[in-house]
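Q: Could you take a close look at the charged pairs in this one, and at the greasy bit of surface too? I'd like a connected walk through the side chains.

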Amino acid sequence: MISGQSPVGLDIYELNLETDELKRLTETLNDWDEHAHYSPDGKKIAWMSSTGFDIEWGDISGHNWQKYLITELWIMDADGSNKQRLTYFNEPGYPEYMNGARCVVSDSTWSPDGKKIAALVAYETRWGNRAKIVIIEFE
């Protein structure tokens, strides 16, 4: 663990298998960064992150973190630069906002041509937990 990083602070790293060099691509102490995937051409990485949310974690022993986590889909250049948020499921005023449901954009995958990403979005309803697959298209 990086000095000062919280138990829910997860970062994305790249390991060069030829040199054993480990490169940190996200540098956050309290953000949950996970499920990174390279684009088919290797120039971009999409991942899920809690960046920008002030999450009240409560008791996170066991798997209780699942009760609190909020994430969106992000994209960056393969070297870790140019980080951009792609989705806004947890933000009022955006078309994909889920009417106050706590959303977790979890895993994703790129289309073979790199023009789309399919992502799984888990969310809470009064009937229990649900999930849907969304498609993000690039111009």
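A: **Surface patch and salt bridges**

Y13, L15, L17 and L22 make up a nonpolar patch on the surface, and together they have about 440 Å² of accessible area. A patch here takes residues with over 30% relative accessible area and no salt bridge, joining like charges within 9 Å and nonpolar side chains (Val, Leu, Ile, Met, Phe, Trp, Tyr) within 5 Å. Areas come from the Shrake-Rupley method with a 1.4 Å probe, and for residues only the protein chains shown count as cover.

Before going on, a word on the source: this is a predicted model, where local features need pLDDT of at least 70 and side-chain atom pairs count only at pLDDT 80 or more, while totals for chains, interfaces and linings use all residues. Residues are numbered from 1 along each chain as its sequence is written, and side-chain values use heavy atoms, leaving out hydrogens and water.

Back to the patch: L17 sits in the loop between β1 (13–15) and β2 (22–24). Strands (E, at least two residues) and helices (H or I, at least four) are DSSP runs, numbered from the N terminus. L17 counts as exposed because its relative accessibility is 73%; the cut-offs are over 50% for exposed, under 20% for buried and in between for partly exposed (1.4 Å probe, protein chains only).

Now the charges. The structure holds 5 salt bridges, each being a side-chain nitrogen of Lys or Arg within 4 Å of a carboxyl oxygen of Asp or Glu. One of them pairs D77 with K44, with the closest N and O atoms 2.5 Å apart. That pair links distant parts of the chain, as D77 is in strand β5 (residues 72–77) and K44 in strand β4 (residues 44–49), 33 residues apart. D77 is buried at 17% relative accessible area, whereas K44 is partly exposed at 30%.

E124 and R102 also meet through their side chains, at 2.9 Å from N to O. E124 belongs to strand β8 (residues 116–125) and R102 to the loop between β6 (84–85) and β7 (103–110), so this salt bridge ties together parts 22 residues apart in sequence. R102 is buried, with 17% relative accessible area, while E124 is partly exposed at 36%.

Then there's E91 with R85, another salt bridge, whose closest N and O atoms are 3.7 Å apart. R85 is buried at 18% relative accessible area, and E91 is partly exposed at 23%. These two don't stand alone: E72, R85 and E91 are linked in a network of salt bridges.
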